[in-house]
Amino acid sequence: MSMFQIFNISGSAVSAQSQRLNVVASNLANVDTVAGPDRQPYKARQVTFQTAMVGARDDMTAAGVRVAQVSEDQSPGRRVLDPKNPQADADGYVTYSNVSAVEEMVNMISASRSYQNNIEVMNTAKTLLLKTLQLGNS
Amino acid sequence: MLNRLTDSLNFQAQALSLRSERQRLLASNIANADTPGYQARDIDFSRALREATGDLPVMPAMTTTQSGHMSPPAGALADSQKLFSQPAQTNLDSNTVDMDRERANFVDNTVKYEATLRFINGQVRTTLDAMKPVNAA
(Lines give C-alpha, C1' and ligand atoms only; values in the text may rest on other atoms or scores of the structure.)
Protein backbone atom coordinates (compact mmCIF):
# COMPACT_ATOMS: atom_id res chain seq x y z
CA MET A 1 0.00 0.00 0.00
CA SER A 2 1.36 3.35 -0.99
CA MET A 3 1.20 4.88 2.45
CA PHE A 4 4.00 2.66 3.69
CA GLN A 5 6.30 4.55 1.37
CA ILE A 6 5.83 7.61 3.55
CA PHE A 7 8.19 6.05 6.07
CA ASN A 8 10.85 5.79 3.38
CA ILE A 9 10.27 9.33 2.16
CA SER A 10 10.14 11.05 5.53
CA GLY A 11 12.90 8.82 6.87
CA SER A 12 15.20 9.99 4.10
CA ALA A 13 14.29 13.61 4.83
CA VAL A 14 14.97 13.19 8.55
CA SER A 15 18.34 11.63 7.81
CA ALA A 16 19.27 14.40 5.37
CA GLN A 17 18.27 17.14 7.82
CA SER A 18 20.28 15.52 10.58
CA GLN A 19 23.34 15.48 8.32
CA ARG A 20 22.73 19.17 7.74
CA LEU A 21 22.60 19.71 11.50
CA ASN A 22 25.89 17.83 11.84
CA VAL A 23 27.49 20.19 9.37
CA VAL A 24 26.10 23.20 11.23
CA ALA A 25 27.52 21.83 14.50
CA SER A 26 30.92 21.28 12.88
CA ASN A 27 30.95 24.82 11.57
CA LEU A 28 29.95 26.37 14.88
CA ALA A 29 32.55 24.31 16.74
CA ASN A 30 35.25 25.65 14.41
CA VAL A 31 34.32 29.32 14.46
CA ASP A 32 37.49 30.39 16.23
CA THR A 33 40.03 27.95 14.85
CA VAL A 34 43.14 29.52 13.52
CA ALA A 35 45.08 28.68 10.37
CA GLY A 36 47.91 26.30 11.15
CA PRO A 37 51.39 26.40 9.64
CA ASP A 38 49.94 25.41 6.24
CA ARG A 39 48.01 28.71 6.15
CA GLN A 40 44.68 26.89 5.51
CA PRO A 41 41.97 28.00 7.95
CA TYR A 42 38.81 25.98 8.54
CA LYS A 43 36.42 26.52 5.63
CA ALA A 44 32.67 26.50 6.39
CA ARG A 45 30.90 23.45 4.98
CA GLN A 46 27.51 23.39 3.27
CA VAL A 47 25.26 20.49 2.29
CA THR A 48 23.43 20.34 -1.03
CA PHE A 49 20.15 18.46 -1.16
CA GLN A 50 18.90 16.49 -4.11
CA THR A 51 15.70 14.55 -4.77
CA ALA A 52 16.25 10.80 -4.56
CA MET A 53 13.86 7.99 -5.44
CA VAL A 54 13.37 5.91 -2.31
CA GLY A 55 10.65 3.56 -3.50
CA ALA A 56 11.06 0.04 -4.81
CA ARG A 57 13.07 -0.46 -7.95
CA ASP A 58 10.14 0.16 -10.30
CA ASP A 59 8.37 2.83 -8.25
CA MET A 60 9.07 6.31 -9.52
CA THR A 61 6.68 8.33 -7.42
CA ALA A 62 8.30 8.21 -3.98
CA ALA A 63 10.44 11.34 -3.95
CA GLY A 64 12.75 11.36 -0.94
CA VAL A 65 15.78 13.52 -0.45
CA ARG A 66 19.48 12.88 0.00
CA VAL A 67 22.62 14.89 0.55
CA ALA A 68 24.27 15.22 -2.87
CA GLN A 69 27.56 16.62 -1.63
CA VAL A 70 29.20 18.47 1.23
CA SER A 71 31.01 21.46 -0.26
CA GLU A 72 33.39 23.94 1.35
CA ASP A 73 32.90 27.66 1.24
CA GLN A 74 35.92 29.12 -0.53
CA SER A 75 35.72 32.70 0.70
CA PRO A 76 38.83 33.89 2.57
CA GLY A 77 38.99 33.66 6.35
CA ARG A 78 38.79 36.47 8.80
CA ARG A 79 42.13 38.25 9.32
CA VAL A 80 42.88 39.83 12.67
CA LEU A 81 45.95 41.85 13.56
CA ASP A 82 47.60 40.14 16.53
CA PRO A 83 51.40 40.10 16.36
CA LYS A 84 51.76 38.45 19.78
CA ASN A 85 49.90 35.33 18.68
CA PRO A 86 52.29 32.43 17.97
CA GLN A 87 50.30 31.63 14.82
CA ALA A 88 50.68 35.14 13.34
CA ASP A 89 52.22 35.35 9.89
CA ALA A 90 55.04 37.68 8.81
CA ASP A 91 52.76 40.76 8.87
CA GLY A 92 51.36 39.98 12.31
CA TYR A 93 47.93 38.85 11.02
CA VAL A 94 46.16 35.73 12.24
CA THR A 95 43.67 34.05 9.88
CA TYR A 96 40.53 32.64 11.49
CA SER A 97 37.88 30.48 9.81
CA ASN A 98 35.25 31.96 7.46
CA VAL A 99 32.26 30.63 9.44
CA SER A 100 29.44 33.15 9.97
CA ALA A 101 27.74 32.29 13.27
CA VAL A 102 24.53 34.09 12.30
CA GLU A 103 24.15 32.13 9.07
CA GLU A 104 24.77 28.88 10.91
CA MET A 105 22.09 29.66 13.49
CA VAL A 106 19.57 30.40 10.74
CA ASN A 107 20.53 27.12 9.07
CA MET A 108 20.07 25.30 12.35
CA ILE A 109 16.59 26.73 12.90
CA SER A 110 15.49 25.86 9.37
CA ALA A 111 16.90 22.33 9.65
CA SER A 112 15.19 21.68 12.98
CA ARG A 113 11.82 22.90 11.67
CA SER A 114 12.07 20.58 8.68
CA TYR A 115 13.11 17.73 10.97
CA GLN A 116 10.05 18.27 13.21
CA ASN A 117 7.69 18.53 10.24
CA ASN A 118 8.91 15.23 8.82
CA ILE A 119 8.63 13.48 12.17
CA GLU A 120 5.04 14.71 12.36
CA VAL A 121 4.33 13.33 8.89
CA MET A 122 5.66 9.93 9.96
CA ASN A 123 3.59 9.89 13.15
CA THR A 124 0.43 10.81 11.29
CA ALA A 125 1.01 8.13 8.68
CA LYS A 126 1.62 5.57 11.42
CA THR A 127 -1.63 6.52 13.19
CA LEU A 128 -3.64 6.34 9.99
CA LEU A 129 -2.21 2.96 9.05
CA LEU A 130 -2.98 1.57 12.51
CA LYS A 131 -6.54 2.82 12.17
CA THR A 132 -6.81 1.26 8.73
CA LEU A 133 -5.88 -2.07 10.31
CA GLN A 134 -8.96 -1.72 12.52
CA LEU A 135 -11.22 -1.52 9.48
CA GLY A 136 -14.27 -3.69 9.87
CA ASN A 137 -13.90 -4.26 13.60
CA SER A 138 -17.03 -3.12 15.30
CA MET B 1 -23.95 -12.70 -6.67
CA LEU B 2 -21.78 -12.11 -3.66
CA ASN B 3 -20.18 -9.06 -5.20
CA ARG B 4 -23.51 -7.25 -4.95
CA LEU B 5 -23.01 -7.24 -1.21
CA THR B 6 -19.72 -5.42 -1.51
CA ASP B 7 -20.38 -3.25 -4.55
CA SER B 8 -21.53 -0.40 -2.34
CA LEU B 9 -18.06 -0.34 -0.81
CA ASN B 10 -16.34 0.27 -4.14
CA PHE B 11 -16.71 4.02 -4.15
CA GLN B 12 -15.33 4.48 -0.66
CA ALA B 13 -12.55 1.98 -1.28
CA GLN B 14 -11.48 3.93 -4.35
CA ALA B 15 -11.58 7.16 -2.37
CA LEU B 16 -9.44 5.60 0.35
CA SER B 17 -6.84 4.46 -2.13
CA LEU B 18 -6.70 7.93 -3.69
CA ARG B 19 -6.42 9.57 -0.28
CA SER B 20 -3.43 7.45 0.60
CA GLU B 21 -1.81 8.27 -2.74
CA ARG B 22 -2.30 11.98 -2.08
CA GLN B 23 -0.86 11.51 1.42
CA ARG B 24 2.28 10.13 -0.16
CA LEU B 25 2.53 13.05 -2.59
CA LEU B 26 2.20 15.56 0.22
CA ALA B 27 4.81 13.69 2.28
CA SER B 28 7.19 13.90 -0.68
CA ASN B 29 6.59 17.65 -0.86
CA ILE B 30 7.30 18.13 2.83
CA ALA B 31 10.41 15.96 2.64
CA ASN B 32 11.77 18.08 -0.22
CA ALA B 33 11.09 21.47 1.34
CA ASP B 34 14.78 22.37 1.23
CA THR B 35 15.78 20.78 -2.05
CA PRO B 36 16.79 23.35 -4.67
CA GLY B 37 14.74 23.17 -7.87
CA TYR B 38 12.06 20.84 -6.50
CA GLN B 39 8.53 21.42 -7.87
CA ALA B 40 5.67 20.81 -5.41
CA ARG B 41 2.91 18.56 -6.79
CA ASP B 42 -0.63 17.77 -5.80
CA ILE B 43 -3.70 16.11 -7.30
CA ASP B 44 -7.18 17.48 -7.96
CA PHE B 45 -8.92 14.98 -5.73
CA SER B 46 -12.51 15.26 -6.94
CA ARG B 47 -11.43 14.98 -10.54
CA ALA B 48 -9.19 11.99 -9.83
CA LEU B 49 -12.00 10.24 -7.95
CA ARG B 50 -14.41 10.81 -10.83
CA GLU B 51 -11.88 9.41 -13.25
CA ALA B 52 -11.28 6.38 -11.04
CA THR B 53 -14.98 5.57 -10.67
CA GLY B 54 -15.58 5.97 -14.40
CA ASP B 55 -17.49 9.24 -14.52
CA LEU B 56 -14.75 10.93 -16.49
CA PRO B 57 -12.59 9.43 -19.24
CA VAL B 58 -9.09 8.70 -18.00
CA MET B 59 -6.03 10.04 -19.76
CA PRO B 60 -3.77 7.15 -20.74
CA ALA B 61 -1.32 6.04 -18.09
CA MET B 62 2.24 4.91 -18.67
CA THR B 63 2.62 1.58 -20.38
CA THR B 64 5.70 -0.57 -20.69
CA THR B 65 6.52 -1.56 -24.24
CA GLN B 66 10.11 -2.76 -23.88
CA SER B 67 11.93 -4.89 -21.37
CA GLY B 68 13.93 -2.01 -19.92
CA HIS B 69 10.90 0.11 -19.04
CA MET B 70 10.01 0.64 -15.39
CA SER B 71 6.35 0.06 -14.63
CA PRO B 72 4.34 2.29 -12.32
CA PRO B 73 3.14 0.61 -9.12
CA ALA B 74 -0.47 -0.49 -8.82
CA GLY B 75 -2.73 2.37 -7.86
CA ALA B 76 -0.25 5.08 -8.80
CA LEU B 77 -1.60 8.08 -10.64
CA ALA B 78 -0.43 8.90 -14.11
CA ASP B 79 1.99 11.78 -14.18
CA SER B 80 -0.55 13.83 -16.15
CA GLN B 81 -2.98 13.70 -13.23
CA LYS B 82 -0.51 15.32 -10.88
CA LEU B 83 -0.61 19.08 -11.05
CA PHE B 84 2.06 21.57 -10.08
CA SER B 85 1.40 23.87 -7.15
CA GLN B 86 1.57 27.60 -7.79
CA PRO B 87 4.14 29.11 -5.43
CA ALA B 88 2.90 32.00 -3.31
CA GLN B 89 6.38 33.50 -3.07
CA THR B 90 9.35 33.12 -5.35
CA ASN B 91 12.40 31.43 -3.98
CA LEU B 92 16.08 31.95 -4.76
CA ASP B 93 16.68 28.25 -5.27
CA SER B 94 13.45 27.79 -7.34
CA ASN B 95 11.93 25.43 -4.78
CA THR B 96 8.13 25.80 -4.96
CA VAL B 97 7.19 24.03 -1.71
CA ASP B 98 5.15 26.32 0.56
CA MET B 99 5.50 24.62 3.95
CA ASP B 100 2.37 26.18 5.46
CA ARG B 101 0.18 25.17 2.57
CA GLU B 102 1.64 21.66 2.49
CA ARG B 103 1.03 21.19 6.20
CA ALA B 104 -2.55 22.47 5.88
CA ASN B 105 -3.18 20.11 2.96
CA PHE B 106 -1.62 17.25 4.90
CA VAL B 107 -3.89 17.78 7.91
CA ASP B 108 -6.91 18.19 5.63
CA ASN B 109 -6.10 14.95 3.84
CA THR B 110 -5.54 13.14 7.14
CA VAL B 111 -8.98 14.11 8.45
CA LYS B 112 -10.65 13.11 5.20
CA TYR B 113 -8.80 9.79 5.22
CA GLU B 114 -10.17 9.08 8.69
CA ALA B 115 -13.64 10.15 7.57
CA THR B 116 -13.44 7.69 4.66
CA LEU B 117 -12.39 4.94 7.09
CA ARG B 118 -15.41 5.67 9.26
CA PHE B 119 -17.77 5.67 6.26
CA ILE B 120 -16.43 2.27 5.22
CA ASN B 121 -16.82 0.97 8.76
CA GLY B 122 -20.39 2.27 8.86
CA GLN B 123 -21.28 0.58 5.60
CA VAL B 124 -19.67 -2.68 6.70
CA ARG B 125 -21.59 -2.60 9.94
CA THR B 126 -24.86 -1.87 8.13
CA THR B 127 -24.31 -4.81 5.80
CA LEU B 128 -23.48 -7.09 8.73
CA ASP B 129 -26.53 -5.88 10.66
CA ALA B 130 -28.75 -6.69 7.70
CA MET B 131 -27.48 -10.27 7.85
CA LYS B 132 -28.30 -10.78 11.51
CA PRO B 133 -31.41 -12.80 12.33
CA VAL B 134 -34.39 -10.88 13.62
CA ASN B 135 -34.78 -11.44 17.37
CA ALA B 136 -38.03 -13.19 18.08
CA ALA B 137 -40.25 -10.91 20.07
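At what angle do α1(A) and α2(B) pack, and how far apart are their axes? In this predicted model, where local features need pLDDT of at least 70, side-chain atom pairs count only at pLDDT 80 or more and totals for chains, interfaces and linings use all residues, the angle is about 5° and the axes are 9 Å apart. Residues are numbered from 1 along each chain as its sequence is written, while chains are lettered from A and ligands numbered from 1 in the order in which they are written. Axes here are lines fitted to C-alpha atoms, for helices over the stretch in contact, with angles running from 0 to 180 degrees between N-to-C directions. Helices (H or I, at least four residues) and strands (E, at least two) are DSSP runs, numbered from the N terminus.

That angle makes α1(A) roughly parallel to α2(B), given that angles under 35 degrees count as roughly parallel, over 145 as roughly antiparallel, 65 to 115 as roughly perpendicular and the rest as oblique. On the α1(A) side, Gln5(A), Ile6(A), Ile9(A), Ser10(A), Ser12(A) and Ala13(A) meet Gln23(B), Arg24(B), Ala27(B), Ser28(B) and Ala31(B) of α2(B); a contact means that C-beta atoms, placed from the backbone, lie within 7 Å. Sorted by type, the residues of this contact are five nonpolar, five polar and one charged. For that sorting, Ala, Val, Leu, Ile, Met, Phe, Trp, Tyr, Cys and Pro count as nonpolar, Asp, Glu, Lys and Arg as charged, and the others, Gly among them, as polar.

Helix α2(B), residues 10–31, also packs against α2(A), residues 101–133: the axes come within 9 Å and cross at roughly 165°. These two helices are therefore roughly antiparallel to each other. The contact is made by Asn117(A), Asn118(A), Val121(A) and Ala125(A) on one side and by Gln23(B), Ala27(B), Ile30(B) and Ala31(B) on the other. Here the split is five nonpolar, three polar and no charged.

Zooming out, the contact between the chains takes 32 residues from chain A and 31 residues from chain B. On chain A, the elements giving two or more residues to the side that touches chain B are α1 (5–29), β1 (45–53), β2 (63–72) and α2. Of these, α2(A) gives the most, with nine residues. That side of chain A comprises 14 nonpolar, 15 polar and three charged residues.

The largest nonpolar core has 28 residues, and those with the most contacts inside it are Ile9(A), Ala13(A), Val121(A), Ala27(B), Ile30(B) and Ala31(B). Such a core is a set of buried Ala, Val, Leu, Ile, Met, Phe, Trp, Tyr and Cys residues joined through C-beta atoms within 7 Å. A residue is buried if 20 or more other C-beta atoms lie within 10 Å of its own, exposed if 12 or fewer, and partly exposed in between. The biggest contributor to this core is α1(A), with seven residues. As for Val121(A), leaving out residues up to four places away in sequence, it touches Ile6(A), Ser10(A), Ala27(B), Ile30(B) and Phe106(B).

Val106(A) is also found in helix α2 of chain A, but this residue is exposed, with 12 other C-beta atoms within 10 Å. Its C-alpha atom is separated by 9.7 Å from that of Val24(A), 82 residues apart along the chain.

Chain B has four helices and two strands, in the order α-α-β-α-β-α along the sequence. Of its 137 residues, 24% count as buried.

How values were computed: Contact = placed C-beta atoms within 7 Å.
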